[in-house]
Amino acid sequence: MARRLRFTGTDSKNGGCPAVHEDVDSGEIIVQGRPLTDPEDLAQLQHLGPDDAAVVVPRELLVNHGPKEMTRVPKLIDLEEFGRLFHHFEHSAWHLETRRGYASDREDLGFDEFLRTGHAPFDLDSDWCRNITEQTAQGKYVGRVRVVDNPPTDGQLFLLSYARCNAATGEDVRNLWREDAERAHLPEEDFWIFDSRLVAILRFDDEDVLHDVEIITEPAEVLRYCQVRDAAVHASIPYEAFAAQMDAKG
C-alpha cells in the first residue's frame, strides 16, 4: 500500500527540490534533494548500507521544515471555545471542507427539507448567519472551499444548495471536484485558518461527528496550511459556476 505523504515545505525559490514530506501514518520524515554520488564523498559516510541513498540539502531546509519535537502533542479545545473564534478573529477566517458528509447537517431539519424538495432552506436568521453577516459587514473576509465527489453525496449536494445562504452572509464560497483537489495536492483534512496565524483542525469520528478541535500556532505549520489555502482557492471555482457545471453534466 502506498504511503500517505504530506508536503511539509521547501525553501526552493522556484518550487523544486529540496523539500520535506511527512508520512502521516508513521510520522517518518522523507527528505528529497540532490543525490550524493561522488564515490569519495560516499566513502566518508558512516553506516551507509548497500540499499541506502544520500541526498544533499541546505541546513535551512531542516531548520525551517523539519519536526521540532519527537512526539507531537496536540493542543485541543472544546466546541464552545472553537465557536468563540468566529466572534473574535480580526480580519480573515477560511475553511477547507473535504468530508463526504457531516452529522450536524444530517441532524438539521433543513436536511430533510432538502431531501424532499432538492433545495436547502434559506435562513439568514440563524446564529451562524447573523454572526458571519456582522463580521463581513465590518470588512472581514470569510471564505471556504468545498471538495465534492463525483458523483456527489447527498451531504455535498445539500451544502451546494445551502451555499446560497453562505454567500448571502458575505462569504466567498467555492467548490472543486475531488480529483482536482488531489491534483492540487490538497490534504484530506477539514480545517479553519484564522487571521493567517491560527489553524483549527476539525477532528471527526467515524460517524462524521465533530468531537474536538486541534489548534496549531507554530509559524511553519501555519504557513503550510496557508499554502494549502492558496492552492485550494486557485484550483476551485465559485459555487454558482460549479453548480452550473454540474447541471451541464447532468
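Arg 146 counts as buried, at 5% relative accessibility. In this predicted model, its side chain meets that of Glu 97 in a salt bridge, with 2.9 Å from N to O. This pair ties together distant parts of the chain: Arg 146 belongs to strand 8, Glu 97 to strand 7 (residues 92-97), and their positions lie 49 residues apart in sequence. What about the accessibility of the acidic partner, Glu 97? Glu 97 is buried as well, with a relative accessible area of 5%. Both values fall under the 20% limit, so both residues of this salt bridge are classed as buried.

Let us turn to a salt bridge in another setting. Asp 127 pairs with Arg 130, and the closest N and O atoms are 2.6 Å apart. Here the partners are local: because they are three residues apart in helix 6 (residues 127-137), about one helical turn separates them. Arg 130 is partly exposed, at 41% relative accessibility, while Asp 127 is exposed, with a relative accessible area of 61%. Returning to the charged residues met at the start, salt bridges with shared partners join Glu 97, Arg 144, Arg 146 and Glu 171 into one network. In the whole structure, a search finds 17 salt bridges.

One more of these leads us to the beginning of the chain. The side chains of Glu 28 and Arg 3 meet in a salt bridge, 2.8 Å from N to O. This pair, too, links distant parts of the chain: Arg 3 sits in the segment before strand 1, and Glu 28 in the loop between strand 2 and strand 3, 25 residues apart. How accessible are the two side chains? Glu 28 counts as partly exposed, at 42% relative accessibility, and Arg 3 is likewise partly exposed, at 47%.

The strands just named form a sheet of their own. It is an open sheet of three strands, in the order 1-2-3, with antiparallel pairing. Strand 1 (5-9) and strand 3 stand at the edges and have a single partner strand each, so one side of each lacks a neighbour in the sheet. On average, neighbouring strands of this sheet are turned by 30° against each other, direction ignored. If you follow strand 2 (residues 19-23) to strand 3, you will find four bridges joining this antiparallel pair. One of the residues to look for is Glu 22, whose bridge partner in strand 3 is Ile 29.

Ile 29 is worth a pause. Its place is in strand 3 (residues 29-32), and its relative accessible area is 36%, which means that it is partly exposed. Which residues join Ile 29 in a nonpolar surface patch? The patch is made by Ile 29 together with Val 31, Val 55 and Leu 62, and covers about 280 Å².

Now for some backbone geometry. Most residues other than glycine have a negative phi, and most peptide bonds are trans. Against that background, three places in this chain are worth visiting. A cis peptide bond, with omega of about 10°, joins Asn 150 and Pro 151. Pro 151 is found in the loop between strand 8 (141-148) and helix 7 (154-168). Further along, His 185 has a positive phi of about 60° although it is not a glycine. The loop that holds His 185 runs between helix 8 (178-183) and strand 10 (191-194). Asp 195 also has a positive phi, near 55°, without being a glycine, and it lies in the loop between strand 10 and strand 11 (198-204). Are these two loop residues buried or exposed? His 185 counts as exposed, at 69% relative accessibility, whereas Asp 195 is buried, with a relative accessible area of 8%.

Finally, step back to the whole chain. Its secondary structure comes to 10 helices and 13 strands, and its C-alpha trace spans about 70 × 40 × 35 Å along the principal axes. Of the 250 residues, 40% count as buried. The chain exposes about 14700 Å², of which carbon and sulfur atoms supply 52%. Among contacts between residues at least 6 apart in sequence, 69% join residues at least 24 apart.

Definitions and conventions: Residues are numbered from 1 along each chain as its sequence is written. This is a predicted model: local features need pLDDT of at least 70, side-chain atom pairs count only at pLDDT 80 or more; totals for chains, interfaces and linings use all residues. Side-chain values use heavy atoms; hydrogens and water are left out. Patches are made of residues with over 30% relative accessible area and no salt bridge: like charges are joined within 9 Å, nonpolar side chains (Val, Leu, Ile, Met, Phe, Trp, Tyr) within 5 Å. Accessible areas come from the Shrake-Rupley method with a 1.4 Å probe; for residues, only the protein chains shown count as cover. A salt bridge is a side-chain nitrogen of Lys or Arg within 4 Å of a carboxyl oxygen of Asp or Glu. Helices (H or I, at least four residues) and strands (E, at least two) are DSSP runs, numbered from the N terminus. Buried means under 20% relative accessible area, exposed over 50%, partly exposed in between (1.4 Å probe, protein chains only). Two strands pair if DSSP finds at least two bridges between them. Axes are lines fitted to C-alpha atoms, for helices over the stretch in contact, and angles run from 0 to 180 degrees between N-to-C directions. Contact means heavy atoms within 4.5 Å.
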